[in-house]
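Here is a walk through one protein model, taken step by step. Keep the sequence and the 3D view side by side as you read.

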Amino acid sequence: MLTSQSKHFLHCLLFFTLIVFFELFTGGVKLTSDRELNFDPWERYGYLGAFVLYMLRLLTFLSLPQVLLNFAGLTLYNAFPDKVVLKGSPLLAPFICIRIVTRGDYPQLVRANVERNMAVCTQAGLENFLIEVVTDKSINLPIHRRTREVVVPPTYKTKSGALFKARALQYCLEDGVNVLVDNDWIVHLDEETLLTENSVRGILNFVLEGKHHFGQGLITYANEHVVNWVTTLADSFRVADDMGKLRMQFSMFHKPLLSWKGSYVVTQVGAERQVSFDNGLDGSVAEDCFFAMRAFQKGFSFAFVDGEMWEKSPFSLWDFVQQRKRWLQGILLVVHSKQLAIKNKILLAISCYSWVTMPLSTSNIVLAALCPIPCPAIMDFLCAFIGAVNIYMYVFGVVKSFSLYRFGLLRFTLCICGALCTIPVNVCIENVAVIWGLFGNKHKFYVVNKELRPPVSV
């Protein structure tokens, strides 16, 4: 049985091996001089053609800050930590409210997940807690001393006109609705998010330590029944992103340099009320991103929470595209918002525009072969480095999500190969989402299907 340190060492060895191989294979590092590139590109392609080719190549570097954070996070911190151990008694922990926000379209799913999450909390030793469901439509949650259903009135309006999930979250903070004090804590979950005992222990350690106002941890997508293998394998990149970029920015810098996710969010009530979700239309589509940037601007600190939670990837490619489109549109609204200082969102803006220009930067894959151009050695090296890290993210995501002991070596290897095969599909989907998102209605909140309906047999 390998120790967590041994697993991390093997992961780093594989990571560096892939980078070296990719650098040599793509010409990022040239062992011999390339005679085919000994020409003047301005003369061969003309000034306009050469300028366009170099600009397209430079667009690749917009993703460099995110790639560097992912690389550092995956190598500097143990990527396969041991089981989370409680650092204090749960009896001494402050009160924790587990808040689930839903439209109320999937009442059966929400009720089932509330029951499961309550059982996990109890098994993990959590004592002072409440599970609160905030919904636009009543879901008839069974009455229990540890549950609370909050129905947002259709007549409720925030001061800034916030909509969608931001409106519901802000309603919970209003006087007369809020039942928490400033020293209590909230764990924000989506309606399909499932707690694990590891995540509950991680949250307890985070709130007992009390050093930071906000925290977030890892979410995986390949647990229990896999509904759609393509979207699940594509989401393996997000798993690596959590263990890389997210962990790095919160563990080393304690700032949301490149934002965070909307689920598995741990907040101190007083800090959340100061930041607020009442941020107008610009803060309503990607309310999580806007909240993080505003908290960053106000000087609050963030940390990484140990332990993982479970979610499902979108059940269809249509939902997958719609989900990515909404994220892009929401983050663009955040980046362009005049409410946020440029110094706080500059890295987010660079990362966002690396996504926006993805259709252009993707063309380098074809143009590099059809219209090669001589570049400085450091430029070739970094382009190959960016490509290698992004490819490895899919490999690591599968290794982190799928258990070798559960699947066996053959199926486990096939999952890795499958994740690599989904890269072209994912690139196409992301490009479609970008083009659609740029020209579509940016103030629309699409909710993906969260519930599998059992087939009706006659």
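The paragraphs below go from the sheet to the helices, and then to the cavities and a pocket. Bear in mind that this is a predicted model.

Start with the sheet. Strands of a sheet pair through backbone hydrogen bonds, either parallel or antiparallel. Here, seven strands form an open sheet. Their order is 3-2-1-4-6-5-7, and the pairing is mixed. Which strands stand at the edges? They are strand 3 (147-151) and strand 7. Each has a single partner strand, so one side of each is left without a neighbour in the sheet. On average, neighbouring strands are turned by 25° against each other, direction ignored.

Now follow the pairs. Strand 2 (residues 129-135) runs parallel to strand 3, with five bridges between them. Within this pair, Thr135 has Val151 of strand 3 as its bridge partner. Strand 4 (residues 185-190) pairs with strand 6 in the antiparallel sense, over four bridges. Strand 5 is also antiparallel to strand 6, and three bridges join them. Look at Val266 in strand 6. Val187 stands opposite Val266, and Gly215 stands opposite Val266 too.

Next come the helices. Helix 9 packs on the sheet, where it touches strand 5 and strand 7. Its direction makes about 165° with that of strand 5. Helix 9 also meets other helices. Two packed helices are described by the angle between their axes and the distance between the axes.

Take helix 4 (residues 64-76) with helix 9 (residues 236-253). Their axes come within 7 Å and cross at roughly 85°. That makes helix 4 roughly perpendicular to helix 9, because angles of 65 to 115 degrees count as such. Helix 4 brings Gln66, Leu69, Asn70, Ala72, Gly73, Leu74 and Leu76 to the contact. Helix 9 answers with Ala240, Asp241, Met243, Gly244, Lys245, Met248, Met252 and Phe253. By class, this contact of helix 4 with helix 9 has nine nonpolar, four polar and two charged residues.

Turn to helix 16. How do the axes of helix 9 and helix 16 cross, and within what distance do they come? They cross at roughly 90° and come within 7 Å. Helix 9 is therefore roughly perpendicular to helix 16. On the helix 9 side, the contact holds Ser236, Phe237, Val239, Ala240, Asp241 and Met243. On the helix 16 side are Asn390, Met393, Tyr394, Phe396, Gly397, Val398, Lys400 and Ser401. The classes are eight nonpolar, four polar and two charged residues. Ala240, Asp241 and Met243 appear in both lists: they belong to the contact with helix 4 and to the contact with helix 16.

Now look for enclosed space. The model has four cavities of 30 Å³ or more. The largest cavity has a volume of about 80 Å³. Its lining is made of Lys165, Leu169, His188, Trp260, Gly262, Val265, Thr267, Phe277, Glu287, Asp288 and Phe291. Helix 6 (164-173), strand 6 (265-268) and helix 11 (287-297) each give two or more of these residues. Helix 11 gives the most, with three. Five of the lining residues are nonpolar, three are polar and three are charged.

The second largest cavity has a volume of about 50 Å³. Ile96, Ile98, Leu126, Val187, Leu195, Val200, Ile203 and Leu204 line it. Val187 is thus a familiar name: this residue stands opposite Val266 in the sheet. Strand 1 (96-102) and helix 7 each supply at least two lining residues. Helix 7 gives the most, with three. What is the make-up of this lining by class? It has eight nonpolar residues, no polar ones and no charged ones.

Finish with open space. The second largest pocket holds about 1,200 Å³. Its lining counts 35 residues, and Lys7, Phe80, Val399, Lys400 and Phe402 lie nearest its centre. The elements that give two or more residues are helix 1 (4-26), helix 7 (197-209), strand 5 (214-220), strand 7 (302-310), helix 16 (377-401) and helix 17 (404-439). By class, the lining divides into 19 nonpolar, nine polar and seven charged residues. Lys400 links two parts of this tour: it lies among the residues nearest the pocket centre, and it takes part in the contact of helix 16 with helix 9.

Definitions and conventions: Residues are numbered from 1 along each chain as its sequence is written. This is a predicted model: local features need pLDDT of at least 70, side-chain atom pairs count only at pLDDT 80 or more; totals for chains, interfaces and linings use all residues. Side-chain values use heavy atoms; hydrogens and water are left out. On a 1 Å grid over the protein atoms alone, a cavity is a set of points where a 1.4 Å probe fits but cannot get out, and a pocket is an open set with protein on both sides within 12 Å along at least five of seven lines; lining residues have an atom within 4 Å of a point. Grid points are joined across faces, edges and corners, and a volume is the space filled by probe spheres set on the points. Ala, Val, Leu, Ile, Met, Phe, Trp, Tyr, Cys and Pro count as nonpolar, Asp, Glu, Lys and Arg as charged, and the others, Gly among them, as polar. Axes are lines fitted to C-alpha atoms, for helices over the stretch in contact, and angles run from 0 to 180 degrees between N-to-C directions. Angles under 35 degrees count as roughly parallel, over 145 as roughly antiparallel, 65 to 115 as roughly perpendicular and the rest as oblique. Contact means heavy atoms within 4.5 Å. Two strands pair if DSSP finds at least two bridges between them.
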